[in-house]
Amino acid sequence: MMRGRTIWWEEGGVGLIEQTLLPEEYREVVCSDVHRLVQAIQRLEVRGAPALGVAGAYGVALACKIALEGPRDAFSRSVNEAAAMLRSARPTAVNLAWGVDRVLSVVLQESDPAEAAARALTCAESIADEDEETCRRIGSHGAKLLPDDCTVLTHCNAGALACAAWGTALGVIRSAVEAGKNVRVISCETRPLLQGSRLTAWELSRDGIPVTTIIDSEAAYLMQRGEIDCVIVGADRICTDGVFNKIGTYMHAVSASYHQIPFYVAAPRSTFDPMHRMVDIIVEERGREEIASLFGRTTVPDAVPVVNYAFDKTPFSLVTAIITEEGLIQKPFDHPWLMP
Ligand code: MRU
């Protein structure tokens, strides 16, 4: 049975739902040191931009707890080293560095290690609480955009599993359902790691929200058939000129624009990066094995290279609106959150 949160603090360290095992198995794991948490982030046991923000925050609190056991004069150095490791665990989602830096700044203001560790944990807990509250506010702003009876296409997992709870894109859907709307969801499977078919379908079906999974390349055809009313996705980083999200998002945005279907991005302020244009950002490239094997079988000849970008860039020209906790951001996208 899933608890109220995707990621949490407990006596032994940072607890999380091991997402690579879903939907076959629901398992909770506890990361009792920062190396294990970094591994969990890199293996996508915990993933999704806001959840990574919370993971980064709890990670610094964990580093403080461990550093308290070492020499007092090494406290700051070891917490700083752990923070650097966490920050660079995955490069694209800005929330990870945001969560790490927010807790680290609290730690650096305090000279007493025990006090710094206590304040780090309080700060991390409030980041997790705020995340849930923020998602609910995104949800209530976004729910107003949905027709009373509609079919929404989404990509990857921008749900409760990608946040502390509730979700961003799926938070909009949950809030619309809570408001009495009749919402059906088309969940793109999201090759290669299937966050859409494994995770989005899992969490929505558990909530009793009608969800159907399609292969990614089926989306444009459903749009052509008039079966999609709008697209809602999450974001990993929103730069001054567009949005990074899971690979495949751009293709849905292009198709939605061609078919004149609204394309919404749901994201909290912590996903905004007003200091960068999209060209400045490193897009995570992942391993060959994610593409070249499936269910234990080789699917690409050994001599053939693969390219495995984890995220793509959607320019604002293809985005109808960004749904945030403070309301909508729309063309011409000159909102203060997007100003350097
Ligand atoms: O590689 P992942 O699973 O971390 O990618 C996640 C996504 O692309 C999500 O859509 C994004 O982080 C938004 S989550 C609210």
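Where does proline 332 lie relative to β15 (327-330)? In this predicted model, proline 332 is found in the segment after that strand. We will come back to the bond that leads into proline 332, but let us begin with the ligand.

**The ligand and its shell**

The ligand sits in the largest cavity. Around it are 19 residues, and those that come nearest are Ala49, Arg90, Asp236, Asn245 and Lys246. Sorted by class, the shell holds nine nonpolar, six polar and four charged residues. Both domains take part: domain 1 (7-136) and domain 2 (140-338) each give at least three residues to the shell. In terms of secondary structure, at least two shell residues come from α2 (49-67), and at least two come from β9 (242-246).

Three polar contacts to oxygen atoms of the ligand are worth a look, and here they are side by side.

| Residue | Protein atom | Distance to a ligand oxygen atom |
|---|---|---|
| Alanine 49 | backbone N or O atom | 2.8 Å |
| Glutamine 195 | side-chain N or O atom | 2.9 Å |
| Asparagine 245 | polar side-chain atom | 2.7 Å |

On its own, the ligand has 410 Å² of accessible area, and the protein covers 100% of it. Alanine 49, then, reaches a ligand oxygen atom through its backbone, whereas asparagine 245 does so through its side chain.

**Backbone details to keep in mind**

Most peptide bonds are trans, and most residues other than glycine have a negative phi. Against that background, a few places in this chain deserve your attention.

Which bond leads into proline 23, cis or trans? The peptide bond from leucine 22 to proline 23 is cis, and its omega is near 5 degrees. Proline 23 belongs to the loop between β2 (13-17) and β3 (28-31).

Back at proline 332, the peptide bond that joins lysine 331 to it is also cis, with omega near 10 degrees.

Tryptophan 166 stands out for its phi: the angle is positive, about 70 degrees, although this residue is not a glycine. You can find tryptophan 166 in the loop between β4 (149-154) and α6 (169-178).

Methods: Residues numbered from 1 in each chain as written. Predicted model: local features only at pLDDT ≥ 70, side-chain atom pairs only at ≥ 80, totals over all residues. Heavy atoms only, no water. Near = heavy atom within 4 Å. Polar contact = N/O pair within 3.5 Å; in protein donor to acceptor, adjacent residues only side chain to side chain. Areas by Shrake-Rupley, 256 points an atom, 1.4 Å probe, with all protein chains shown as cover. 1 Å grid on protein atoms, 1.4 Å probe; cavity = no way out; pocket = protein on both sides within 12 Å on 5 of 7 lines; lining within 4 Å. Sits in = over half its atoms within 2 Å of the grid points. Helix = DSSP H or I, 4+ residues; strand = E, 2+ residues; numbered from the N terminus. Nonpolar A, V, L, I, M, F, W, Y, C, P; charged D, E, K, R; others polar. Domains from an automatic or database assignment.
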